[in-house]
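Visitor: I am new to this structure and would like to learn how to read it. Could you take me through some of its features?

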Amino acid sequence: MSAERLSVSFEVNGEPVVAEVSPLQRLSSVLRDRLGLTGTKVGCDAGDCGACSVELDGAVVCACLVPAAGLSGSRVRTVEGLSNGSLSALQESFLRHGAAQCGICTPGVLVSAAALLEKNPAPSEAEVQDALGGVLCRCTGYRKIIDAVMNANRSVASDAAMVEQGRAVGASPIRLDGERKVSGAEVFGADERPADALSVAVVRSPHWHADFEIGDTEAFIAAHPGIVAVFTAADVPGENRFGVIPPFADQPALAGGRARFRGEAVALIAGERAAIEALDMDAFPVSWKALPHALTPDEARRPDFPDLHEGRTGNQLTQGFVESGDPEAALAGAFVSVSGEIETSYVEHAYIEPEAGFAAMEGDTLVIKACTQAPYMDRDDTARVLGLPPEKVRIVPLAAGGGFGSKLDISLQPLVGLVTLKTGRPAAMVYTRGDSMRSTTKRHPAAMRASIGADAAGRVTGMVFEGDFNTGAYASWGPTVANRVPVHASGPYRTPNYRATGRAIHTNGPVSGAFRGFGVPQATIMQETLYDRLAEKLGRDRLAFRIDNALVDGDRTTCGQALSGVGIRDCLEALKPHWARAQAEADSANAGDGRLRRGIGVASCWYGCGNTALPNPSTIRVGVTVSGAVMLHQGAVDIGQGSNTVVTQICADASGLPLSAFQLVGGDTGVTPDAGKTSASRQTYVTGKAAEKAGRALREKILRFANVSDAAVIGLEDGALVIREGAVRRRVELAEIEAGSGGYVFCAEETYDPPTTALDEKGQGVPYAVYGYGAQLVELEVDTTLGTVRLLRIVAAHDVGRAINPLLVEGQIEGGIAQGIGLALMEEYVPGRTENLHDYLIPTIGDVPPIETILVEVPDPEGPFGAKGLGEHVLIPTAPAILNAIRHAVGVEVTKVPATPSRILAAIRAREAGQ
Ligand code: FES
Ligand code: FES
């Protein structure tokens, strides 16, 4: 035992372990970094998220809080210890129930649940919630986790793994990447690191807006053994700006002389791992001169506040606009009209996996392995910053532990790439939770105003909407939000006279980017809360009012687009029996004068899948090898939503080949064609359509080779294709056919780009080829003395066109609702104050009520097998339905979201005071 190291002997998963540890080292680090047991995840390193949960001497603990020095004699069990050659009943139950989406929380959840089940084999829902209360999951909405734990010890006959050939679409097979997630074998961004990699630390601005000068870096390096190099903007070899929308690309990888937001990267320190881990960042030589800053659009538009970017006058990045008819005349002539204003807050994505990855050279190609939602966009942005041709950068996505939009923007990719290019050594980086929250994108805070009018028959006649979206210091997805909002702000309702304006305004706040819905959730809060007031003024039932105004086939949107396959009316109709029951229960609960008041609320959504009025192609390749494997080059990054499984199901049925024959080739830009980014609910529809086309093309090639008609059935047997048509049976020995490019005997590659058109100056055109629809009903209880809200039940009816995988659809709906609950009631990112998962609250397992999902399937003529997207849709109605239910319960409107207890209470007090 040296002075700095201690030797500890303990047991991990039944095996004796002796490890040399440092006095400050935690158990999580020993497990991951010394023993290679990377199933235990680190989401916060502070005891807030539970991702690192392990069993220590029979008790569940956060491994990130346990000092390794005290481990001697202890017994530790990790996720790797749950299976004994085969998966445990609990792990199998997780697969069957679809309880793991991205999978980053899954090890911690499983370990906690296993400990519960050992003591209590048949726990109640409350007992499960109690046992798992310390583990955060950002994807699932927890309901499937609860089901999986409660049913783990119930023997059930399951045919989930068996899918009949030709019937993959509509089935719910176990997700193809599921076993890795429940066994702890999935490799996320922080789970792989070359042994000789340098670690990289980022120097970030502590100021909202500041000029800075970097001091004597040579002296800094000399004074810190193990530090190898420092890099600044001056070292960036290419164009030092990136951005997801090339014409707006404006964000430097490393700021040069001026930082425009708190958390902006200004320098990199590369060194040996121990040196970086021991580094005092305050020792870095940089001097700051704080500048005046603006944190809100109103401040940023003041005449005396300078433009943050040349040419963006008044700090306006861009504006989106849609106009049809004469909205002023419609409002002036309306039988009733309502107006209102609402503000929303920054919302943090709070995926449990902070950004992580590494770079290394392979020959003359820079290879970056990291968590991402958009490998090809990462490649192109990184290549531009580093001055390399795109083909000399290869992005290999590691599993993403959640993304929800923020991992569409590059983060560490050019930073580790720069270090590797300059030093020739691999370079690895794992963001701390604070780095992740400070430096990555957020949901745009919005300040919105709207007026809506209706005629005496209760038909909406006109609407005017204006929204200012705080896009922060750089463009990111600001243009997308500004353009998407005006298209959607009417909601899925006929609105013959309409004007909507969305502005993206720069401030010195965090960069606002993509977050499930691109501004539509905020705009829907405005529209749907006004709809409740409009219905009330008209004396109409709130649900019936919506049904009467819902779009139907043949209607035109406010952009003039004629619609077909419209399912919003079906969704709203599906809620009717639940609405009647909930209304009766609320009436009865509110009969007395108790402090608890029951409320019910309803809201709708629609959402155009894919880019707004822009090209949006996906390409899929599928090939049959000489051994009879069907390789699907599937580049639609699966961030937990299930695209690996859904896209394969579509391709399987389109080709007629069995799902079980398919193997996935991931989103590696070196070997997989570009399937576009995982965003805007586009993968099931756009990449699914490409997979459908590729599957059909592959089938056509095989059938032509076998000289049979399209009625033939293709099977795979021992390295041969067996094709049957009536009495004809042809056996094609694959090994006897010369393989073509890529090593495939038969291969097809197809691209699909949705048929959209550009919008004219009034926003008229065809912005999206496919829309999805949904409506949600919320039942809740408000404590009128505390202002707290208890959610009782949510019923969600969503038109997904065709549920390619109903279990995954349910999982998306439940997960989206959980995020909608956070948006409505608790999530408010305050820079400088809530930069951790202790102060920034997201829904826990106790915050999500029972959810009943109703799948509505109105096929879309364009979508694969009729499917529409749903990833964004499912979050959109939740917050307005909650706000409407609060208003129903206590008669007050909360005009600043989230509706925290203090805001609800203030609104109740103001009403009581007659204000
Ligand atoms: S990593 Fe230990 S609780 Fe979050
Ligand atoms: S599955 Fe729980 S955080 Fe992703």
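**A buried helix**

Guide: Let us begin with helix 12, where Gln413, Pro414, Leu415, Val416, Gly417, Leu418, Val419 and Thr420 are buried. Please keep in mind that this is a predicted model.

Visitor: Why is helix 12 described as largely enclosed by the rest of the structure?

Guide: Helix 12 covers residues 413-423, and eight of its 11 residues are buried, so the rest of the structure largely encloses it. Here buried stands for a relative accessible area under 20%. Just beyond the helix comes Gly424, which has a positive phi near 80°.

Visitor: Which residues of helix 2 are buried?

Guide: In helix 2 they are Leu90, Gln91, Ser93, Phe94, Leu95 and His97. The buried residues of this helix pack against helix 3, helix 5 (143-150), helix 6 (178-183) and helix 20 (806-825). Right after helix 2, Gly98 has a positive phi of about 65°.

Visitor: At what angle do helix 2 and helix 3 pack?

Guide: Helix 2 (residues 89-97) and helix 3 (residues 106-119) pack at about 130°, and their axes lie 10 Å apart. That angle makes helix 2 oblique to helix 3. The crossing of the two helices is right-handed.

Visitor: Which residues meet where helix 2 and helix 3 come together?

Guide: From helix 2 come Leu90, Gln91 and Phe94, and they meet Thr106, Val109, Leu110, Ala113, Ala114 and Leu117 of helix 3. You have already met Leu90, Gln91 and Phe94 among the buried residues of helix 2.

Visitor: Now for sheets, please. What is the general idea?

Guide: In a regular strand, side chains alternate between the two faces of the sheet. For a case here, look at the open sheet of three strands in the order 27-28-29, with antiparallel pairing.

Visitor: Which strands stand at the edges of that sheet?

Guide: The edges are strand 27 (713-717) and strand 29 (728-733); each has a single partner strand, so one side of each lacks a neighbour in the sheet. From one strand to the next, the twist averages 20°.

Visitor: How many bridges join strand 27 to strand 28?

Guide: Five bridges join strand 27 to strand 28 (residues 720-725), and the two run antiparallel. In this pairing, Glu717 stands opposite Ala720 of strand 28. Helix 19 (residues 683-706) packs on the sheet and touches strand 27, strand 28 and strand 29, and its direction makes about 75° with that of strand 28.

Visitor: Is strand 23 mostly covered or mostly open?

Guide: Strand 23 (residues 596-608) is mostly covered, with 11 of its 13 residues buried. Strand 23 runs antiparallel to strand 31 (residues 771-783), and 13 bridges join them. Gly601 has Val778 of strand 31 standing opposite.

Visitor: What should I know about backbone angles?

Guide: Most residues other than glycine have a negative phi, and most peptide bonds are trans. Against that background, let us look at some individual residues.

Visitor: Where is Ala350 found, and what is its phi?

Guide: Ala350 sits in the loop between strand 14 (347-348) and strand 15 (356-362). Its phi is near 55°, a positive value in a residue that is not glycine. Ala350 counts as buried because its relative accessibility is 0%.

Guide: Phe518 is another residue to look at: it is not a glycine, yet it has a positive phi of about 50°. Phe518 lies in the loop between strand 22 and helix 15 (520-538), and with 4% relative accessibility it counts as buried.

Visitor: Which residues does a cis peptide bond join?

Guide: Val897 and Pro898 are joined by a cis peptide bond, with omega about 10°. Pro898 belongs to the loop between helix 21 (878-890) and helix 22 (901-912).

Visitor: What is a disulfide, and how many does a search of the whole structure find?

Guide: A disulfide is a covalent bond between the sulfur atoms of two cysteines. Here the search finds zero disulfides. As for individual cysteines, Cys49 counts as buried at 1% relative accessibility, and Cys105 counts as buried at 4%.

Visitor: One last stop: which residues is Ala489 in contact with, beyond its neighbours in sequence?

Guide: Leaving aside neighbours within four places in sequence, Ala489 is in contact with Met463, Phe465, Tyr498, Ala500, Ala523 and Gln527. Ala489 lies in the loop between helix 14 (478-488) and strand 22 (497-506), and it is buried, with a relative accessible area of 1%. Ala489 and Val520 are 31 residues apart in sequence, while their C-alpha atoms are 7.0 Å apart in space.

Technical notes. Residues numbered from 1 in each chain as written. Chains lettered and ligands numbered in written order. Predicted model: local features only at pLDDT ≥ 70, side-chain atom pairs only at ≥ 80, totals over all residues. Heavy atoms only, no water. Helix = DSSP H or I, 4+ residues; strand = E, 2+ residues; numbered from the N terminus. Buried < 20%, exposed > 50% of the residue type's maximum accessible area, 1.4 Å probe, protein only. Contact = heavy atoms within 4.5 Å. Disulfide = S-S within 2.5 Å. Pairing = 2+ DSSP bridges. Axes fitted to C-alpha atoms, helices over the stretch in contact; angles between N-to-C directions. Parallel < 35°, antiparallel > 145°, perpendicular 65-115°, else oblique. Left-handed = near helix turned anticlockwise from the far one by under 90°.
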